[in-house]
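Please open the structure in a viewer and keep the sequence panel visible. The tour below proceeds by selection, one stop after another.

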Amino acid sequence: SQNMSSTEHQDPREPSVPSTLLKYQNPITVSEAEVKFKSKLDRVRAQRECMSDKPVITNSDEILDLILPPRELKNDYLQFVSPEVPTRQDVNDLNQLFNFRLQDSKARKSGICSVRSAIYAMCFDEIIRQVAVGCPERGLLLMRIRDELRMTTDSYRILYEASVGLGRRKSIESERGKQQMATKIENLRSTKDSLTKEVRRLEAKLAAMERCCQEQMQADSKKYSDEISFLKHTNTRLGEQEETIKRLQEEEKRQMAA
C-alpha cells in the first residue's frame, strides 16, 4: 500500500517522521530549504500575509505549498508536500490506509472524537493535494472550503467548551447552594422542634394553671357557701334571741305594771 509518510532513515541525526495520510517529500534541513527554495518560501509567505484576490504566486508548486505548508520536524528539518501526480492506485491506497487508520486508532464512529476528526482532516488534506496537483485553482477553492470548515468546527468547539464550563460552574453553584439550603433546612427543622417543644410545655403549663384555677374557684365557692350558710344560721339565731329578749322585756313590763 501507499506510504504517506516517508522512507526510513538510517542516520540518527535525521528526524523521525510522524505518520500521516498526507504524502510528503523526503525531509530536508531548514538551511538547505532556505538556500534552494528561498524565493519560493518568500512568495508563499507574502501570499499568505497578503490574503487578497490578486495572486502573488502563480506556480503550481508554490500554490501547493501555500495550500499545504511544509511541516517542521525535529533537528531543524522541513518536509514539503509531494507534487507527484496521483494515480487511481494512489486513491485506492489512500482509501485503504484511511480505513485502516480509523480502525487501528479505535476512533469513535459517532459523537465528538478528536482522533477521528484528525484522521478525516489528514485525508481531506491529501485529497486537496491530489486535486491541487492537477488543478491548482480547484485546490485553492478546496482550501477555502477546508479553512471555513475548520473555522466553523473551532467555533463549535469553543462554544461546546464554554457551555461545558458554564454547565460545570452552574453545577458547582447548584451543589453549593444545595448544601447551603440543606443546612438552612436543618436549622429551620431544629428551630421548629425547639418551638414545638416550647409550645407543648406552655400548653401543659396552661392546662395545669387552668386546673389549679378551677380547683381554687371550686374551693372558694364552697368556702363562700359555707360562710354564707353560717352567717344565715347565725343571723337566724340572733333574730330568735332578739325576739325572745323583746318578749321577756314586755312580760316584765306587764308584771311591773300589774
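The following stops present the sheet, a helix, an aromatic pair, the nonpolar cores and some single residues of this predicted model.

**The sheet**

Begin by selecting the 3 strands, which form an open sheet in the order E1-E3-E2 with antiparallel pairing. Strand E1 (28–29) and strand E2 (71–73) stand at the edges; each has a single partner strand, so one side of each is left without a neighbour in the sheet. Next, display E2 together with strand E3 (residues 77–79): these run antiparallel and are joined by 3 bridges. Within this pairing, Glu 72 stands opposite Leu 78 in E3.

Remain at residue 71 and add Tyr 24 to the selection; Arg 71 lies over the face of Tyr 24, at 4.2 Å from the ring centre.

**Helix H5**

Now select residues 114–134, which make up helix H5. The helix has 21 residues and spans 31 Å from its first C-alpha to its last, close to the 30 Å expected at 1.5 Å a residue. Which residues of H5 are buried? They are Arg 116, Ile 119, Met 122, Cys 123, Asp 125, Glu 126, Ile 128, Arg 129, Gln 130, Ala 132 and Val 133.

Ser 117 also has its place in helix H5, but counts as partly exposed at 39% relative accessibility. Add Ala 107 to the view: the C-alpha atoms of Ser 117 and Ala 107 are separated by 8.9 Å, although the two residues are 10 apart along the chain.

**The aromatic pair**

The structure holds 1 aromatic pair. Select Phe 98 and Tyr 120 to see it: the arrangement is edge-to-face, with 5.0 Å centre to centre and 85° between the planes. The pair links distant parts of the chain, since Phe 98 belongs to helix H4 (residues 88–104) and Tyr 120 to helix H5, 22 residues apart. Is each partner buried or partly exposed? Phe 98 counts as buried at 10% relative accessibility, whereas Tyr 120, at 46%, counts as partly exposed.

**The loop between H4 and H5**

Move to Lys 106, which has its place in the loop between H4 and H5. This residue is exposed, with a relative accessible area of 72%. Its phi is positive, at about 55°, although Lys 106 is not a glycine.

**The nonpolar cores**

In soluble globular proteins, nonpolar side chains tend to be buried together. For the largest nonpolar core here, select its 11 residues: Leu 22, Tyr 24, Ile 63, Leu 64, Ile 67, Leu 68, Val 81, Ile 128, Ala 132, Val 133 and Met 143. Helix H3 (60–67) and H5 each supply at least two residues of this core. A second, separate core of 10 residues includes Phe 98, Leu 102, Ile 119 and Cys 123.

Return to Leu 68 and display its surroundings. Leaving aside residues up to four places away in sequence, Leu 68 touches Leu 22, Val 81, Asp 125, Arg 129 and Arg 146.

**Arg 146**

The last selection is Arg 146, which lies in helix H6 (residues 136–257). Is Arg 146 buried or exposed? Arg 146 is buried, with a relative accessible area of 7%. Its contacts, again not counting residues up to four places away in sequence, are Ile 67, Leu 68, Phe 124, Asp 125 and Ile 128.

How values were computed:
Residues numbered from 1 in each chain as written. Predicted model: local features only at pLDDT ≥ 70, side-chain atom pairs only at ≥ 80, totals over all residues. Heavy atoms only, no water. Pairing = 2+ DSSP bridges. Helix = DSSP H or I, 4+ residues; strand = E, 2+ residues; numbered from the N terminus. Expected span 1.5 Å × (residues − 1). Buried < 20%, exposed > 50% of the residue type's maximum accessible area, 1.4 Å probe, protein only. Phe/Tyr/Trp six-rings, centres within 6.5 Å; stacked < 30°, edge-to-face > 60°. Lys NZ or Arg CZ within 6 Å of the ring centre and 35° of its normal. Contact = heavy atoms within 4.5 Å. Core = buried A, V, L, I, M, F, W, Y, C linked by side-chain atoms within 4.5 Å.
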